[in-house]
Amino acid sequence: MPLNVGIVGLPNVGKSTIFSALTSVQADAENYPFCTIDPNVGIVPVPDRRLEELAALIPTEKVISTTVEFVDIAGLVRGASNGEGRGNQFLAHIRETGIIAHVVRCFDNDDITHVDGSIDPARDIETIDIELALADLETVGRRRDRLEKELKSADKALLARARALAPVLATVADHLQEGRPARALDLSGEQWALLRDLHLLTAKPVLYVCNVDEAGLDGSSPYERIVREVAAGEGAEVVRICGQLEAEIALLESDEERAAFLEDAGLAEPGLAQLIRSGFAGLGLRTFFTAGPKEIRAWTFRAGATAPEAAGVIHTDFQKGFIRAETYHVDDLIALKTEQKVREAGKLRQEGKEYRVKDGDVIFFKFNN
Ligand SMILES: Nc1nc2c(ncn2[C@@H]2O[C@H](COP(=O)(O)OP(=O)(O)OP(=O)(O)O)[C@@H](O)[C@H]2O)c(=O)[nH]1
Ligand SMILES: [Mg+2]
């Protein structure tokens, strides 16, 4: 699965506004491995309070966040799956993302045109879902055509695979016909594996982004309520953002100005922070830390990774020569205040090759050169 978050939605709902706010947050720029790959792809630091808490307890020269990639995809219109509005090209961009951040317009403003003439989040979500499902139906249809030949193949391995795939594709097709996303299907791990190389759009996880106006920042928007109902039905997460306000916050020069602005808006942190964290977690990504006098740093690993795999994120040599991981959880340090006390409390563990790293582990890798 590609490890990026695709910003998807109808035209003019605020996708690019949110994207540019995401990529223009220049806070502590020199400390972030931050860059914009091209106008539509941005690498964004993942906000993590635990980094600051670590830095307050362990003296260090610099603090480095981990990052996640966002892609701004142009709006899909009804008929996109038939190529309407360069739909095929935009759908291809969605195919390359790991999770869909579906931006839904939840603000009234007569000056900003809505493609369908009114604000109606349930209809808007359905419009996008239908286009994605139609595109998937086409993908499944093409695969089934090829399958016809494979089912007559003399190649035993190919034949066995085709026989296993045929009923799964039939189930997926029926399901999509009813307008339901592939991710809602109850399939076994093996069945999902058979579908993997189809890269179905509706199999991707989704998180909904309610683009509200300032009045809606307190969660009172009736539009947001509708999005939450849809999301609850799918078990999807919802993030509330005021795109316009976030864009203004992102342009402020100093942390002090940002803090004052947030307080005025009644926000504990920018909505973008939640979007970034939800996107990161939704991709199946987790964070571990390294902490020393030179730097305190957050690193990304895939949920379920072993200690040597996590070591490999830092350097392949760490993975190859892995001996063990000395680790404690960041919460233990926050509670006990010093590494000495963490050690005395028996919270510092020696973990071997089989250890599965947990989100929030602070790790010192021991390795052979
Ligand atoms: N009032 C208000 N206007 C917004 C907000 N977010 C975006 N807009 C405005 O809506 C218009 C469209 O915003 P974009 O961010 O370009 O929309 P988009 O979803 O990227 O549109 P496409 O790329 O055409 O699909 C712009 O005029 C924005 O200034 C918001 O939170 N509140
Ligand atoms: Mg745009």
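# Exercises on a predicted model

K337 lies in the loop between helix 13 (330-336) and helix 14 (339-344). The structure used in these exercises is a predicted model.

**Exercise 1.** Find what is unusual about phi of K337, then classify the accessibility of K337.

Solution. Step 1: phi of K337 is near 80°, a positive value in a residue other than glycine. Step 2: compare this with the general pattern. Most residues other than glycine have a negative phi. Step 3: K337 has a relative accessible area of 46%. Partly exposed covers the range between 20% and 50%, so K337 counts as partly exposed.

**Exercise 2.** Describe N12 by its place, its phi and its accessibility.

Solution. Step 1: N12 is found in the loop between strand 1 (4-8) and helix 1. Step 2: N12 is not a glycine, yet its phi is positive, about 65°. Step 3: the relative accessibility of N12 is 46%, so N12 counts as partly exposed.

**Exercise 3.** Work out how the protein surrounds ligand 1.

Solution. Step 1: count the shell. Ligand 1 is surrounded by 16 residues, and the closest are N12, K15, S16, T17 and G75. Step 2: sort the shell by residue type. Six of its residues are nonpolar, nine are polar and one is charged. Step 3: list backbone contacts. A backbone N or O atom of N12 is 2.8 Å from an oxygen atom of ligand 1. For V13, a backbone N or O atom lies 3.1 Å from an oxygen atom of the ligand, and for G243 the corresponding distance is 3.3 Å. The cut-off for a polar contact is 3.5 Å. Step 4: look at the area. Ligand 1 taken alone exposes 660 Å², and the protein buries 75% of that. Step 5: name the elements involved. Helix 1 (15-24), strand 7 (206-212) and helix 8 (243-251) each give two or more residues to the shell. Helix 1 gives the most, with three residues.

**Exercise 4.** Locate A250 and decide whether it is buried or exposed.

Solution. Step 1: A250 is part of helix 8. Step 2: its relative accessibility is 6%. Buried means under 20%, so A250 counts as buried. Step 3: relate A250 to L272. The two are 22 residues apart in sequence, and their C-alpha atoms are 9.6 Å apart in space.

**Exercise 5.** Analyse two of the aromatic pairs and describe the aromatic cluster.

Solution. Step 1: the structure holds seven aromatic pairs. Step 2: take F288 and F301. Their ring centres are 5.9 Å apart with 45° between the planes, and the pair is tilted. F288 belongs to strand 9 (residues 285-291) and F301 to strand 10 (residues 295-302), so the pair links distant parts of the chain, 13 residues apart. Both residues are buried. Step 3: take Y328 and F364. This pair is also tilted, at 6.5 Å centre to centre and 45° between the planes. Y328 is in strand 11 (residues 322-329) and F364 in strand 13 (residues 361-367), 36 residues apart. Step 4: check the accessibility of each partner. Y328 has a relative accessible area of 1% and is therefore buried, whereas F364, at 25%, counts as partly exposed. Step 5: turn to the cluster. F288, W299, F301, F318, F322, F365 and F367 form one aromatic cluster. The ring of W299 has the charged end of R297 over it, 4.1 Å from the ring centre.

Methods:
Residues numbered from 1 in each chain as written. Chains lettered and ligands numbered in written order. Predicted model: local features only at pLDDT ≥ 70, side-chain atom pairs only at ≥ 80, totals over all residues. Heavy atoms only, no water. Near = heavy atom within 4 Å. Polar contact = N/O pair within 3.5 Å; in protein donor to acceptor, adjacent residues only side chain to side chain. Areas by Shrake-Rupley, 256 points an atom, 1.4 Å probe, with all protein chains shown as cover. Helix = DSSP H or I, 4+ residues; strand = E, 2+ residues; numbered from the N terminus. Nonpolar A, V, L, I, M, F, W, Y, C, P; charged D, E, K, R; others polar. Phe/Tyr/Trp six-rings, centres within 6.5 Å; stacked < 30°, edge-to-face > 60°. Buried < 20%, exposed > 50% of the residue type's maximum accessible area, 1.4 Å probe, protein only. Lys NZ or Arg CZ within 6 Å of the ring centre and 35° of its normal.
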